[in-house]
Every structure is written in structure tokens, then in C-alpha cells.
Amino acid sequence: MTDSFAGQTVEIARRSLTTRLKAGGVDSAELDARMLVGAVLGLDLTGLITAAGRLVTPVESIRLEDFARRRINGEPVARMLGTREFWGLPLTLSAATLVPRPDTETVVELALEVLRGTPRPDGRMRIADIGTGSGAILLALLSELPGAYGIGTDISVTALQTARANAVDLGLAGRAGFVACDYAAALSGPFDLIVSNPPYIRSADIAGLAAEVRDHDPLRALDGGPDGLDAYRALIPQAARLLAPKGALVVEVGQGQDGDVGGLMTVAGLTQQEPARVDLAGIRRAVAGRKKPS
């Protein structure tokens, strides 16, 4: 039935949706149900509590039914709502961008740590985010570094449009530029910091990814080639040329890739002074290499 939530109170509808999502195998059913009901009704968490007794309308019920079906079929909540929070910042998504994940915040954390080790007296750092997607990493860094200017690159013009719109919405557009190119091909240095979350999944492993990722994230942002390292082979030498003396490259890596990526940095003349940063699962997720002083 398309109106199964109609006539239920908001609280009962939320519980009913939770039960349905759990039965459909959704691990985060309770959180997802709260977010989806809130989105349909235009209510935040406080609003859901204060409006718990009001009745769901037939139109709202139809939207909830659609959301329930899509979520059970593996579509991420962030894709359905078109937004995701990263580093406390609300970001709009598009089909050309990855859904930013908490693991990627380790790149921001390590980048800020690296910058604290070599501060610029005027604070006017120059940052590049290679394969910026929604702009998540770049905009997170700019939000923390009020004197910095950043450039985001992406091969997808649609992704760059999304990133630019996010910069505008966050009031950061005056300190952010966006360039369409393959990795860093169109950039000229020097940069104090280069960051990237490149594609690093082995091609043969794509089919085994969770449906939320495999079927909804852009393949080009996932597929790292036969051994998952193709993007690093292209990116790291470019970054080494573009970095200022003492500048740093910080990249996200897949599980078990930190040693190989560190080796590629060494070959390119970058030194690893900071240890890899681990994510919440204890996986070495962010690796940094620093250019030697001139």
C-alpha cells in the first residue's frame, strides 16, 4: 500500500519505518528512519519530538514509502537527501561526487597537524585538493585556516560545479577556486599543502563493495586500477613538483596501502616525518610526505 504511514502519528511512523528498515537488513535503521522522517516532514530532531503526536498526511506517507523502498534497496540516505555533513559542514552532493565519509576526516586532521609543524608567519597558506569532488576536504581546511586560499581540481565539471556551490553556501567562495583537469595537470605551484582522496579500490574488488558504494558512488572516484595504486603513481610525482620547500602532501589510502604509498612518496623525494593517521577502525587511513627544505 502506498499510504501505510498515513494517519499514523509522527512517532509511530518513525518506529514503523525503523522496523521496516531493520527487516530489510539496514544496520543503521533507527538513525536512518529519524533522518528520513525528519526530511519528509521538514523537522529537525527537536521538531520530531515536539511534533510526535501529529498525524502523517497521505502525501508525506507516499514520500516515506518511496524512501523506505530506496533505502532497503541500498541507496544511501545522503544520496536520497542530496546532502551530507563533513567536518561539521553541510555539503550538497551530486551524482558526480563521492559521499564524504568520516574516515576522510583523518586527512583533514593530519593535514592540520602537518601545517602546525611548519606555520607560515602571515598564515596565508596555499592549498590544493586534487580530485576535490564535493569540495569536502578543501572546504574543511579553509574553514579552519582563515588566511588560506585553496584550489580544488577534478576531471568532472559537474563535481566542480557542486564543490563551487558548496563553497558559496559556506561563505568560502572568496578563498576557493576550482579547475577542471586530470589530477594536478593544470596547476602551477608552489603550494604549502596538497591533499587528496584519490580512487584506491582495486578494480577486481569493486564488485564486492557494499551496494551503497558500488551502485551509487561514481566508479571513476573508486577504481584505483589493478593494485589500487594507479592514482598515487600519477599524483605523487606531480605533487612533489608543485610543493613549496617544507610543503606537505597528505592523502587518504585504503587498508594496507600506507606502506606502498609511503614508498612512492620516498621515490618522489618526499620524506615521512609524521606517522600515518588511523581512522576510527584503527586502519592507517591518511599518509603524509614532506618536501625537503631547499
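In the predicted model, R285 is in contact with D103, T106, Y200, V251, E252, V253, G254, Q255, R277, V278 and D279, with neighbours within four places in sequence left aside. Two of these partners, D103 and T106, carry numbers far below that of R285. The list also includes the run V251, E252, V253, G254 and Q255. R277, V278 and D279 form another run among the contacts. The residue itself sits in strand β10, which covers residues 284-291. R285 has a relative accessible area of 8%. It is therefore buried, since the cut-off is under 20%.

Strand β10 belongs to a protein with eleven helices and ten strands. Contacts between residues at least 6 apart in sequence were examined across the protein; 67% of them join residues at least 24 apart. Burial was assessed over the whole protein as well. Of its 294 residues, 49% count as buried.

The overall dimensions were computed next. The C-alpha trace spans about 70 × 40 × 35 Å along the principal axes. The radius of gyration is 21 Å. A compact globule of 294 residues would have a value near 19 Å, so the two agree.

The surface and charges complete the description. The accessible surface comes to about 13400 Å². Carbon and sulfur atoms account for 54% of that area. The protein carries 31 positive and 34 negative side chains. The centres of the two sets lie 4 Å apart.

Notes:
Residues are numbered from 1 along each chain as its sequence is written. This is a predicted model: local features need pLDDT of at least 70, side-chain atom pairs count only at pLDDT 80 or more; totals for chains, interfaces and linings use all residues. Side-chain values use heavy atoms; hydrogens and water are left out. Helices (H or I, at least four residues) and strands (E, at least two) are DSSP runs, numbered from the N terminus. The radius of gyration is taken over C-alpha atoms; the globule rule is 2.2 Å times the number of residues to the power 0.38. Buried means under 20% relative accessible area, exposed over 50%, partly exposed in between (1.4 Å probe, protein chains only). Contact means heavy atoms within 4.5 Å. Accessible areas come from the Shrake-Rupley method with a 1.4 Å probe; for residues, only the protein chains shown count as cover. Lys and Arg count as positive and Asp and Glu as negative; His and the chain ends are not counted. The place of a charge is taken as NZ of Lys, CZ of Arg, CG of Asp or CD of Glu.
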